[in-house]
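Biologist: I would like to learn how to read a model like this one. Can we take it feature by feature?

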Amino acid sequence: MRSFERHTWSQAFQLSRKHWQIIAGSVLSISLVIIVMQSFTKSIPERILEKAQSAEESGQFQKALNYYDELLERNPNNLSAWNAKGNIYYKSGKYTTASGCYTSALDLLPDNIDFLMNRANAYRKQERYQDAYLDIEHALSIQAEDAELLNLKGLILLDLYERKKAIETFSLALEIDPEAGRIWHNRGNAYYWMLRDDEAISDYTKAIELQPDIALYYNNRGLVYFYQNKYSLALEDYNHAIKKDPECAAAYLNRSRLYKIFGNEVAAKNDVNTFKELQKNTNGNEQ
């Protein structure tokens, strides 16, 4: 009896294994059908948004804008589309149009931190510093303990020549995020404009320690060394800046001034020519 039972169970098990591949294949086929059906059940706006984002990622900005416009024709209250359009126009140097897009988004959601920051940055590019300041103050009234917001406020204060207040604001930001190299650098700039050279060098040095690959930090520290007549240190920093970023135009111009002092007219002329060429390329890309 026991032997028969074992034999019967074994046959049943073998039968199920025989059909296992068929069952698995059926399950896979059904899964594929479900996936295909789901792709067709996506809403039209979702598919348009995917196309817009794909075009933007591949650098096809006009194509992306056309898709975002299509989304806004379907729904003028699409916040993502307004913000995305603003970002594209900002990257393209069309700052007035960008701020208009951010305004459309803020009309729908006036307390959105990201939209306020984006519009403040667009206003800065238009030299509308008071408008930028109002936006960032609005954002800080919603979220006071934010290093990024405070950093942007400090930059706007520098735009407005409020250098002492800028230093205070950057200091508050650094209390929140002491590892942010760009904020140390920005406070260094404020110290530089206040002619507080040693403090500027200290902040630039801290920025370099945190982000050693940023050419601008070396260039700016080198400039302070230059005004302190520490020419060897200045040259070392300009060389570092150019090594980190061979397209750092300011470093070539600043280094040319040193070469003139050293009496190396050929090297100075070469650096000036490189600076002019880089500036020409930059201006050409912006048009």
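Modeller: Start with a salt bridge in this predicted model. The side chains of Glu148 and Arg182 meet, N to O, at 1.9 Å.

Biologist: Which helices hold Glu148 and Arg182?

Modeller: Glu148 belongs to helix 8 and Arg182 to helix 10, so the salt bridge ties together parts that are 34 residues apart in sequence.

Biologist: Are Glu148 and Arg182 buried or exposed?

Modeller: Neither label fits. Buried means under 20% relative accessible area, exposed over 50%. Glu148 has 33%, so it is partly exposed. Arg182 is partly exposed too, with 32%.

Biologist: Where is there a salt bridge between buried residues?

Modeller: Look at Arg255 and Asp271, whose side chains meet at 2.7 Å, N to O. Arg255 lies in helix 14 (residues 249-262) and Asp271 in helix 15 (residues 265-286), so this pair ties together parts 16 residues apart in sequence. Both Arg255 and Asp271 are buried.

Biologist: What does Arg128 pair with?

Modeller: Its salt bridge partner is Asp131, with the closest N and O atoms 2.9 Å apart. Arg128 is partly exposed at 32% relative accessible area. Asp131 is partly exposed at 28%.

Biologist: How many salt bridges are there?

Modeller: The count comes to 13.

Biologist: Back to helix 8. How do I check its length against its residue count?

Modeller: Use 1.5 Å a residue. The 13 residues of helix 8 (residues 147-159) should then span 18 Å, and its end C-alpha atoms are 18 Å apart, which agrees.

Biologist: How many residues of helix 8 are buried?

Modeller: 12 of the 13, so helix 8 is largely enclosed by the rest of the structure. Among them are Leu149, Asn151, Lys153 and Asp159.

Biologist: What covers those buried residues?

Modeller: The cover includes helix 6 (113-125), helix 7 (129-142), helix 9 (163-176) and helix 10 (181-193).

Biologist: And the helix ends. What caps the N-terminal end of helix 8?

Modeller: Asp146 does. One of its side-chain oxygens lies 2.9 Å from the backbone nitrogen of Glu148. After helix 8 comes Tyr161, with a positive phi near 65 degrees.

Biologist: Now a single residue. Where is Ser99 found?

Modeller: In helix 5 (residues 95-108). Ser99 is buried, with a relative accessible area of 4%. A polar atom of its side chain lies 2.8 Å from the backbone oxygen of Thr96. Leaving out residues up to four places away in sequence, Ser99 touches Arg119, Ala122, Tyr123 and Gln126.

Biologist: How is a pair of aromatic rings described?

Modeller: By the distance of the centres and the angle of the planes. The count here comes to 6 aromatic pairs. Tyr192 and Tyr227 form a tilted one, 6.5 Å centre to centre with 40 degrees between the planes. This pair links distant parts of the chain, with Tyr192 in helix 10 and Tyr227 in helix 12 (residues 215-227), 35 residues apart. Tyr192 is buried at 17%, whereas Tyr227 is partly exposed at 46%.

Biologist: What about Phe226 and Tyr231?

Modeller: Their ring centres are 5.7 Å apart and their planes at 45 degrees, so the pair is tilted. Phe226 is buried at 10% relative accessibility. Tyr231 is partly exposed at 24%.

Biologist: Which residues do ring pairs link into a cluster?

Modeller: Tyr192, Trp193, Phe226, Tyr227, Tyr231 and Phe262.

Biologist: Which residue lies over the face of Trp184?

Modeller: Lys206, at 6.0 Å from the ring centre.

How values were computed: Residues numbered from 1 in each chain as written. Predicted model: local features only at pLDDT ≥ 70, side-chain atom pairs only at ≥ 80, totals over all residues. Heavy atoms only, no water. Helix = DSSP H or I, 4+ residues; strand = E, 2+ residues; numbered from the N terminus. Expected span 1.5 Å × (residues − 1). Buried < 20%, exposed > 50% of the residue type's maximum accessible area, 1.4 Å probe, protein only. Contact = heavy atoms within 4.5 Å. Polar contact = N/O pair within 3.5 Å; in protein donor to acceptor, adjacent residues only side chain to side chain. Salt bridge = Lys/Arg side-chain N within 4 Å of Asp/Glu carboxyl O. Phe/Tyr/Trp six-rings, centres within 6.5 Å; stacked < 30°, edge-to-face > 60°. Lys NZ or Arg CZ within 6 Å of the ring centre and 35° of its normal.
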